[in-house]
Amino acid sequence: QVQLVESGGGLVQAGGSLRLSCAASGHTFSNYVMAWFRQAPGKEREFVASISWNGGSTYYADSLKGRFTISRDNAKNTVYLQMNSLTPEDTAVYYCAGRATKSIMYDYWGQGTQGTVSS
């Protein structure tokens with residue numbers, strides 16, 4: 001079992017930045033693919049970015065490439081999401097998720113952290 005706890009959300013003006021963190025516990029964090037998803041008000045949850053177990057491979061939603069960066073520190077059991085040049089359309093609850101390398105589905109989810117961008 002893996003427990004995930006997000007932090008770092010908050011209120012920022014358009015053009016600003018936020019750095020989200022997700023702390024993992026309860027299992028061998030370095031064995032897991034980690035990802036960030038988000039859900040805006042009235043919309044379905046969408047994929048933001050993912051990172052392989054060793055950080056060697058990263059994937060992003062096409063619309064977010066160049067503004068968002070996912071990274072991880074396996075020594076700290078933490079995955080990060082750096083978000084730059086934020087717009088009000090980035091306002092959402094951001095969720096951290098994890099899955100075993102050979103799994104298709106993300107089995108573990110955090111409770112989410114709110115990120116709000118004001119215009």
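Biologist: Why is Asn77 called partly exposed?

Modeller: In this predicted model, Asn77 has a relative accessibility of 26%; since buried means under 20% and exposed means over 50%, the value falls in between, and Asn77 therefore counts as partly exposed. Asn77 belongs to the loop between S7 and S8, and its phi is near 55 degrees, a positive value in a residue other than glycine.

Biologist: What makes Ser85 partly exposed, and where is Ser85 found?

Modeller: Ser85 has a relative accessible area of 43%, and because the partly exposed class runs between the 20% and 50% limits, Ser85 is placed in that class. Ser85 is found in the loop between S8 and S9, and here too phi is positive in a residue other than glycine, with a value near 50 degrees.

Biologist: Why does Gly56 count as exposed?

Modeller: The relative accessibility of Gly56 is 61%, and exposed means over 50%, so Gly56 counts as exposed. Gly56 lies in the loop between S5 and strand S6 (58-60), and its C-alpha atom is separated by 20 Å from that of Met105, a residue 49 places away along the chain.

Biologist: How do you know that Cys22 and Cys96 form a disulfide?

Modeller: Their sulfur atoms are 2.1 Å apart, and a pair of cysteine sulfur atoms within 2.5 Å is taken as a disulfide, so the pair of Cys22 and Cys96 meets the rule; the count by this rule comes to 1 disulfide. The link joins distant parts of the chain, with Cys22 in strand S3 and Cys96 in strand S9, 74 residues apart, and the angle of -75 degrees about the S-S bond makes the link left-handed.

Biologist: Are the two cysteines, Cys22 and Cys96, buried or exposed?

Modeller: Cys22 has a relative accessible area of 0%, and Cys96 likewise has 0%; because buried means under 20%, Cys22 is buried and Cys96 is buried.

Biologist: What makes a group of residues a nonpolar core, and which members of the largest one touch the most others?

Modeller: The members must be buried residues of the nonpolar kinds, joined through side-chain atoms within 4.5 Å, and the largest such set holds 29 residues, of which Met34, Trp36, Val79, Leu81 and Tyr94 touch the most other members. Strands S3 (18-25), S4 (32-39), S5 (46-51), S7 (68-73), S8 (78-83) and S9 (92-100) each give two or more residues to this core, and the largest share, 4 residues, comes from S3. A second, separate core of 5 residues includes Val33, Ala35, Ala97 and Tyr106.

Biologist: Which residues does Tyr94 touch?

Modeller: Leaving aside residues up to four places away in sequence, the contacts of Tyr94 include Leu20, Trp36, Val48, Phe68, Leu81 and Met83, and among them are also Glu6, Arg38 and Gly112.

Biologist: How do you know that S7 and S8 pair?

Modeller: Two strands pair if there are at least two bridges between them, and S7 and S8 have 6 bridges, in the antiparallel sense, so the condition is met; Asp73, for its part, stands opposite Thr78 in S8. The open sheet has 4 strands in the order S1-S3-S8-S7, with antiparallel pairing.

Biologist: Why are strand S1 (3-7) and S7 called edge strands?

Modeller: Strand S1 and S7 are the edge strands in that each pairs on one side only. Neighbouring strands of this sheet are turned by 15 degrees against each other on average, direction ignored.

How values were computed
Residues numbered from 1 in each chain as written. Predicted model: local features only at pLDDT ≥ 70, side-chain atom pairs only at ≥ 80, totals over all residues. Heavy atoms only, no water. Buried < 20%, exposed > 50% of the residue type's maximum accessible area, 1.4 Å probe, protein only. Contact = heavy atoms within 4.5 Å. Axes fitted to C-alpha atoms, helices over the stretch in contact; angles between N-to-C directions.
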